[in-house]
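Work through these exercises with the structure open beside you. Try each task before you read its solution.

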Amino acid sequence: MKIIINSIFPGMVLICSSAIAGETAKPATEVLELRNQLEGLKASYIRQAKIINMLESRLKQLEGGRQPIAAKQSVPKQQTVAKSTVAKAQAQQSTQARAAVKEEKVVKEAPRNSSFTAVLGEEHALFDNRFTFEVGATYSRFNRAQINLSGFLVLDAIFLGSISVDETESDVVTTDLTARYGITDRLQADFNAPFLYRTTNYFKGNVGGESAGSAEADVSTGPELGDVNFGVSYQILPESADLPDIVWNVRVKAPTGSDPYGIGTVELENGLIVPESLPSGNGVWAMSSGFSFVKTVDPAVIFANINFFHNFETDFDNIGGNTPAPGSIALGNAYQYGLGMAFALNERLSMNFSFTQRFSDKAKIKVEGGEWGSIIGSNANVASLNMGMTFALSQHLTMVTNLGVGLTSDAPDVQLGVKFPYRF
């Protein structure tokens, strides 16, 4: 038994020693591998640091306007790799710069969505060789009141005499059919045909000399064709970084509607005198010309316009009403300016605000064989503040709304319009 133990024990000791030696050698191998990986990472870091230093040196030379000094000695392999890396980095930077420019261009052009396009079509002009057909309706409300005094003041406080009040209230609904077409990339033509429906209420106080007496009557006309007009717009200067888009426009209006001259009057049973009918046009040829300006200030568009209107002198067989009398009419010229701003709320919705003011000279009248004379009270100052909203219903159809508030006595008290331009 002792011999067996003496034989087995040394073997077990040898086996355990081998196992312990193997376990001890395994960590040593891992340490060596980790040390080699660490040395490799350090070498890679040193190479990357050299490349970074070369790139910084190159950048400083380019920013300072200095050319890099050519090396006289042979280029090491590491520098060749660095140059290749620099070339790749420069190519990547160039690609990123082009992408940034493209992205910036998209951002600047983003406001020109369907709703913005409709606003520009109304206030300016579009030159894209596309046909646009528009249907619109506008409601206008006029209210004019006049107090007539016949008598005198006593002690600067008491009025002795008669007081009469004349009031005229008009409601006008205009339906417009408009067509626009871009002939070239800088020339556009358009045509507009309005149809009017008018109702006017006449009120008069102190009828027949009685202070308590009053009378009123309504006179209506339409729907009736108004004065059609057509025009052309030419782009003088496209928009640039410093200058706005400038468009010159010329428009001609034809007297296709019924004129207001020679309309007779009728006296009603209540003693009120009213016209027999209402006109749908002004009866004369007219021409206008002006300029419109548009500047994009992301995310808004600023627009302005100036226009001159000239009415041609026209002869009529009757300008005397119930008593026929041939003569001539020369309506006064007019001058108009406007400015406004539109901005996009999102890709389909935009809002716009504008102000317009128009000054009209006095009209003149001349009976055949007589002299020219001015018509008292025919000059006008029409100013209004407009607010609108544009909504793109689809890629081709847009809804344009507008609310105008009169700021002077000659302007409509309120004006509400809606239009539906369809771009083919």
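Two strands pair if DSSP finds at least two bridges between them. Keep that rule at hand for the exercises on strands. The model is predicted.

**Exercise 1. Show that β12 and β15 pair, and place them in their sheet.**

Step 1. Find the strands. β12 covers residues 327-330 and β15 covers residues 364-367.
Step 2. Apply the rule. Four bridges join β12 to β15, and a pair needs at least two.
Step 3. Read the direction. The two strands run antiparallel.
Step 4. Pick a facing pair. S328 is opposite K366 in β15.
Step 5. Widen the view. Four strands make an open sheet, ordered β11-β12-β15-β16, with antiparallel pairing.
Step 6. Name the edges. These are β11 (314-316) and β16 (373-374), each of which pairs on one side only.

**Exercise 2. Follow the pairing from β13 through β14 to β17.**

Step 1. Start with β13 and β14 (residues 349-360). Eleven bridges link them in the antiparallel sense.
Step 2. Look at the connection. β13 and β14 form a hairpin, with four residues between them.
Step 3. Check a facing pair. Y335 stands opposite F359 in β14.
Step 4. Move on to β17 (residues 380-392). β14 pairs with β17 over twelve bridges, again antiparallel.
Step 5. Check a facing pair here too. Q357 stands opposite A383 in β17.

**Exercise 3. Classify the ring pair F308 and Y335.**

Step 1. Set the scene. The structure holds six aromatic pairs.
Step 2. Take the distance and angle. The ring centres of F308 and Y335 are 5.4 Å apart and the planes meet at 45°, so the pair is tilted.
Step 3. Locate the partners. F308 lies in β10 (residues 300-311) and Y335 in β13 (residues 334-344), 27 residues apart.
Step 4. Judge exposure. F308 has a relative accessible area of 35%, so F308 is partly exposed. Y335, at 38%, is partly exposed.
Step 5. Look for other ring contacts. F131, Y422 and F424 form one aromatic cluster. The charged end of R358 sits over the ring of F309, 4.0 Å from its centre.

**Exercise 4. Trace the salt bridges of E134 and R141.**

Step 1. Note the total. The count comes to six salt bridges.
Step 2. Take E134. Its salt bridge is with R180, and the closest N and O atoms are 3.2 Å apart.
Step 3. Ask what this pair ties together. E134 lies in β1 (residues 131-154) and R180 in β2 (residues 158-182), so the pair ties parts that are 46 residues apart in sequence.
Step 4. Check burial. Both E134 and R180 are buried.
Step 5. Take R141. It forms a salt bridge with E169, with the closest N and O atoms 3.1 Å apart.
Step 6. Place this pair. R141 is in β1 and E169 in β2, 28 residues apart.
Step 7. Check exposure. R141 has 22% relative accessibility and counts as partly exposed. E169 is partly exposed, also with 22%.
Step 8. Extend the set. Salt bridges with shared partners join R141, E169 and D171 into one network.

**Exercise 5. Which peptide bond is cis, and in which strand does P223 lie?**

Step 1. Go to the bond from G222 to P223. This bond is cis, with omega near 0°.
Step 2. Find the strand. P223 lies in β4 (residues 214-225).

Note on methods:
Residues are numbered from 1 along each chain as its sequence is written. This is a predicted model: local features need pLDDT of at least 70, side-chain atom pairs count only at pLDDT 80 or more; totals for chains, interfaces and linings use all residues. Side-chain values use heavy atoms; hydrogens and water are left out. Rings of Phe, Tyr and Trp (its six-membered ring) pair if their centres lie within 6.5 Å; planes under 30 degrees apart count as stacked, over 60 as edge-to-face and the rest as tilted. Buried means under 20% relative accessible area, exposed over 50%, partly exposed in between (1.4 Å probe, protein chains only). A charge sits over a ring if NZ of Lys or CZ of Arg is within 6 Å of the ring centre and within 35 degrees of the ring normal. A salt bridge is a side-chain nitrogen of Lys or Arg within 4 Å of a carboxyl oxygen of Asp or Glu.
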